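Hi everyone, thanks for coming. Please take a look at the sequence and the model on the screen, and then I'll walk you through them.

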Amino acid sequence: MKIVQVASEMFPYMKTGGLADAVGALANALADNGHEISVFLPGYRAALEHKDALGAERRLRIKVELADQFVSGEVRVFSPRRNLKIYLICREEFFDRRGAYGNGERDFEDNADRFIYFCKGVVEMLRLGDIGADVVHCHDWQAALLPVVLREAERRHRVTLALKTIFTIHNIAFQGVFPAKVFARTNLPDELYHIDGLEYYSQINLMKGGILFADRVTTVSPQYAKEIQTPEFGCGLDGVVQTRAEDIVGLLNGVDNSVWNPAVDALLPARYSSVNLSGKQICRLELLKRAGFAADFKGPIFGMVCRLTEQKGVDFVLANSDFFLAHDVRLVVLGSGDKRMETELRELAANSPQKIHLSAKLDEPMSHLIEAGSDFFVMPSVFEPCGLNQMYSQVYGTIPIVSRVGGLVDTVSDTDANPTTGTGLMCEPNAASLRDALQRALLLFADKPRFAAVQQRAMAKDFSWKIAAGAYERMYQDAL
Ligand code: ADP
């Protein structure tokens, strides 16, 4: 199949979270299976500066209509491997910046223009670049306008640009909601600014457009597919999602085992596998050192890697700070984001530097070291579309402590409830229930044979993208 992927992030060219990992791994897995894959990304500075893009060819100059203006740009293309081409939609004014969506403090003010431009730039390339897509697969709100602007361009120019469009919701909490006047920038017919179109409480909601106008809608776990049809998790779009209830499927992300695999992980001080865990011990020592803890510590290390946001349950961890102080345990947190959470974690770490460590930055090697060197990985999310770190944890023999929401339900089972099959510990998304799970972690850690059995089961699980990509392939074929 000729498959086009459209997203605002793809590892290793731009990453702020799991979306990048998912798009990168899916594209690679599909390319491996012999499909012709084109990925469209904004021409961010980081992407243009990546070594893969250095010889990128200037393929096409484009003019994108934004309201009554034509805004020029260009498309650059490079191919990092067989069957995979990366197209960058470039316009310095929009994308030659450090961040993807904001400057760390707040979102960029021109995000609506940036991603409307991006979607329309993709359509121009599909129209003029002779790509002949079977499937155009759009990810999250930044690419959500594409299904509708693509069909509109087909109508206007009397061409077929794609047989089917797919829209995947990676996180329904981010919808791309902008003031009504932004609608004019899309140049879509007025009748689409309507309750059955992009209008949403007198504003424009780009994700709503993706949900309504794509031929198929998917999300990233079966549990999240159910949850987003409820008011509790639907973030106001539950009613819209329900209109697609017949088509919506949840396909789990996988783990890119060329990147997240303790047997080959070049970011670790030592490698290991389930048959020989001695390398994990070396990773533990390196983690203790990096965190500034005593090297002879033998008790449980709890790790955490996440964006510091309400979503990730950071407040439940903070509410349990006395647990980490009262017991002979260590806590290592890698994450940045919300300033209040960062400050509270920083204070906690400053008051007990021998037990609690915070690294408040983006640090890819450290994220691998935490997965490898910890005994438990703490992820008590309030909601979690799929979640990657709980899968990485299991692959690295680190027992995940997760809440019973979204993809966490589909990828972890509680070992106290399922003594012969469980691979983690589960709680409800609140501080008291997390406390209970942390206590159970201490009991599990103290029971060495049981801990080892849970660890072996976790490491034996297959989260590879082969499975995930196969599910996407079947979905594409089914749609066609
Ligand atoms: P989300 O997409 O909601 O952020 P996921 O669990 O799906 O959550 O994916 C998060 C990804 O981002 C993981 O690969 C994780 O290791 C990575 N990550 C999060 N925070 C950091 C950080 N501070 N440094 C390095 N990697 C991080």
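Let me begin with the outside: how much area does the protein chain expose, and what share of it do carbon and sulfur atoms supply? The exposed area is about 19,200 Å², and carbon and sulfur atoms supply 51% of it. Please keep in mind that this is a predicted model.

Now for the overall picture. You are looking at a protein chain with 18 helices and 18 strands. Its radius of gyration is 23 Å, close to the 23 Å that the globule rule gives for 480 residues, so the protein chain is as compact as a globular protein of that length. Along the principal axes, the C-alpha trace spans about 70 × 45 × 40 Å.

What about the inside? Of the 480 residues, 60% are buried. If we take the contacts with a separation of 6 or more, 70% of them are between residues 24 or more positions apart. As for charge, the protein chain carries 53 positive and 60 negative side chains, and the centres of those two sets lie 4 Å apart.

Let's zoom in on strand 16, residues 376-379. Which way do its side chains point? Phe376 and Val378 point one way, while Phe377 and Met379 point the other way, and all are buried. Strand 16 pairs with strand 13, residues 301-305, in the parallel sense over two bridges. In that pairing, glycine 303 has phenylalanine 377 as its bridge partner. Strand 16 also pairs in the parallel sense with strand 17, residues 399-403, this time over four bridges. Here methionine 379 stands opposite valine 402 of strand 17.

Next, please find strands 8, 9 and 10. These three strands form an open sheet in the order 8-10-9, with antiparallel pairing. Strand 8 (177-179) and strand 9 stand at the edges with a single partner strand each, so one side of each has no neighbour in the sheet. Strand 9 is joined to strand 10 by two bridges, and tyrosine 200 stands opposite glutamine 203 in strand 10.

Staying with these strands, what lies in the loop between strand 9 (199-200) and strand 10 (203-205)? One residue there is serine 202. Serine 202 is not a glycine, yet its phi is positive, at about 65 degrees. Is serine 202 buried or exposed? Its relative accessibility is 52%, and the cut-off for exposed is over 50%, so serine 202 counts as exposed.

That brings me to some backbone details. As background, most residues other than glycine have a negative phi, and most peptide bonds are trans. Cysteine 235 is another residue to look at, with a positive phi near 50 degrees. You will find cysteine 235 in the loop between helix 7 (222-227) and helix 8 (238-242). With a relative accessible area of 36%, cysteine 235 is partly exposed.

One last stop: which two residues does a cis peptide bond join? They are phenylalanine 11 and proline 12, and omega is about 10 degrees. Proline 12 sits in the loop between strand 1 (2-6) and helix 1 (18-32).

To recap, we have met a protein chain of 18 helices and 18 strands, a strand 16 whose residues Phe376, Phe377, Val378 and Met379 are all buried, and an open antiparallel sheet of three strands. Thanks for listening!

How values were computed. Residues are numbered from 1 along each chain as its sequence is written. This is a predicted model: local features need pLDDT of at least 70, side-chain atom pairs count only at pLDDT 80 or more; totals for chains, interfaces and linings use all residues. Side-chain values use heavy atoms; hydrogens and water are left out. The radius of gyration is taken over C-alpha atoms; the globule rule is 2.2 Å times the number of residues to the power 0.38. Buried means under 20% relative accessible area, exposed over 50%, partly exposed in between (1.4 Å probe, protein chains only). Contact means heavy atoms within 4.5 Å. Accessible areas come from the Shrake-Rupley method with a 1.4 Å probe; for residues, only the protein chains shown count as cover. Lys and Arg count as positive and Asp and Glu as negative; His and the chain ends are not counted. The place of a charge is taken as NZ of Lys, CZ of Arg, CG of Asp or CD of Glu. Two strands pair if DSSP finds at least two bridges between them.
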